[in-house]
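Hi everyone, and thanks for coming. Today I'd like to walk you through one structure, starting with a single helix and then stepping back. Please have a look at it first.

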Amino acid sequence: MHRVVAVIKNPSDEDFLVVRQAPPPLLPEEEYRNFLDSDLWDLPSAPLNLLDEDRRSETVIEGADSLSDVLDLRRFDVDAVLDQVFSEVHLKSTLNIRWSVWKYVKEPEFGPGPPDNTLFIHGVVTSKEQILEESCQWLAKESALALLREVQPSGTRVGPFVFMALFSDSNSGANCPLHYQEYPPGIRLVPMKSRTREPFHTTNLVVVVADDVIDQPNGSSFVAYGTTLLVDPGCSSQFHSDLTDLVATLPRKLVVFVTHHHYDHVDGLSVIQKCNPDAVLLVHENTSRRIGRGEWYLHRTLISGGEKIQIGNHQFEAIFAPGHTDGHLALLHASTNSLIVGDHCVGHGSAVLDFRAGGNMKDYFQTTYRFLELSPHVLIPMHGRMNLWPKRMLCGYLKHRRDRELSILKAIENGAETLYDIVSKSYIGLNTKLWLPASSNVRIHVDHLAYQGKLPKDFAMQKFQASCRLHFISRWLWKYLESRGIVKAIAVIGAGSLAIAVALINF
Ligand SMILES: [Zn+2]
C-alpha cells in the first residue's frame, strides 16, 4: 500500500496548505453523540493505485528516478492522485504546479497487513489567493510545530503527515537503530516481534528520549525522573539482541514502565536490566506480583495511578486503567495530551479481557469513560497503529462491548447454559482458533450481567462456572480439530486414537 501526500507551498513565504480531515462516521446511538474529536488538520493526501498492466503514467514528478529501488511511479495512477489532492484543497487542477519528490517514508510493521508507505511530493503555487474553502488553510511552519508540541484537550490538532514531512527524520536512524515512527513529537513507536495474539505479530515499544537534560526536579511531585522512558518492552527472545542494541544507544538514566504483566509486554525486561542495572521499573502492585524476579530483580517502584513521571522536558501521568487486567495502567503525555493505552484498545478489532488476571467489565467500561473525559489527542495502543480519532474509537469500543453483552444475554435466554454453548452462539463466524480468548470475554460478560441483575432467574451460575474448564476445552478442541480436517485423519489412524478423541468430548 502506498499513499501520496502533497506539501503545497507558495513562493512568498514558508506557509503550506493543510486540510481539515474528515472524521469517521458518527455512531447512530444518541448516547455517543456528545463525544466528538476536535478538528484535525493535515496535508492533503490520496492512495496511490496501480494502473492496468499495459498502461504507464506520463505525469512527471521530478526526482522519481531516485525512488526506483522502492517505487516505479510510471506503473501507478499519478493523475488520479493529483486530481484528488487538487479537489481536497479546492485548487484548479489546470494550475501548472511542478511536482518533485520530497521524501519517501517506509512505515514500520505495525500490522495487521503490510505497511502503508508514504511518498511526499512538493509543489509551489503562484499565489495564496486561490484558496477559497474554509476546509483548508495556510499554516506557517512555526505555528504547526507549536500546535504539534502543545495540544490542549479538545484543542486544534495537527496530524502526523505534517510532522513526518517537515520535522521528523524517522528513516535516518537518528538515536534509534530500529525502524520507528514518531508522532506526536518525542513519542517514538518501535513495533517489535513478540509472542502476541493474532492478527498482530508485534508489540509497540514506546521510546521517549529527553531533548533537554534537566536536574532532578525539586520536591516529591515526581515518582520517577530520567532521560529515557521505555514502555512495554515485550519483544520475544529472538529479538533480544535488537533490544540490547537499542538500549546501548539510549541515555543511561532509564525509566521503564509496563502497562501490565502479559508476556508480550514484559518479555524484554531482563535484557534491559542486564544492559542497564540502574534502570527503575514502574509497575502496579497487581502487575508486579505477576512479574517474576528472574525478569526484573532490582529496583521496582509500585504505582497505582496519578503519579507524575519526568523525562527531561517530557512529563507523563500514570492513569489507573483496570479492565483488561486488574493491574493495568495507561500513560498520559502531558504536553500533547496523547494517551498510551496498553491493551485497553488495539489498532484493529477489539480487546480481549483476561479473566484469570482480574479482567472485569465494569472496570473496563469505567476506564473507557475515564479515557473519554481526558479528551486525548491521539490513542497509542501496544498492538497496531495509533488512532487519530480517540473519542470515536472509544465509543466504538463501548458500543461493541454492549452489543456483545446483548448477544450473550440472548444466547442465555435461548437456552445456552455452558461456556461452550454461549461462545458458539454469540461468536458466530469467528475462527474457532480464536474461541479461547473469546471465552475469556464471555466469562467476564456473564459476571457483568450477574452484577447488573440481568441474567434470567433460572440461569444456573454454578453449572455455567463448572463448564468453564475441561468441559469447554475438550469441546472446543474437538470443534477446532474438526474444522481443520484433523478429525478425519484421527479416524484413520486407529481405534486407540479414536478412543482418546471420544473420551475428550465426554468431559
Ligand atoms: Zn495484554
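Let's begin at helix α4, residues 240-249, where Leu243, Leu246 and Val247 are buried; buried means that 20 or more other C-beta atoms, placed from the backbone, lie within 10 Å of a residue's own, and exposed means 12 or fewer. Helices here are DSSP runs of H or I with at least four residues, strands are runs of E with at least two, and both are numbered from the N terminus.

Those three buried residues cover an arc of only 95 degrees around the axis, so they sit on the same side of α4. The arc is taken from the directions between the helix axis and the C-beta atoms. On the face turned away from that side, α4 carries the exposed Ser241 and Ala248.

And what do the buried residues of α4 pack against? They pack against α6, residues 269-275, where a contact means C-beta atoms, placed from the backbone, within 7 Å.

A quick word on the source: this is a predicted model, where local features need pLDDT of at least 70, side-chain atom pairs count only at pLDDT 80 or more, and totals for chains, interfaces and linings use all residues. Residues are numbered from 1 along each chain as its sequence is written.

Now the sheet: seven strands form an open, mixed one, ordered β9-β10-β11-β13-β14-β15-β16. Its edge strands, β9 (181-182) and β16 (300-303), each pair on one side only; pairing needs at least two DSSP bridges. β15, residues 280-284, runs parallel to β16 over four bridges, and Val283 has Leu302 in β16 as its bridge partner.

Stepping back, the chain has 15 helices and 21 strands in total, and buried residues make up 40% of its 507 residues.

Definitions and conventions:
Contact = placed C-beta atoms within 7 Å.
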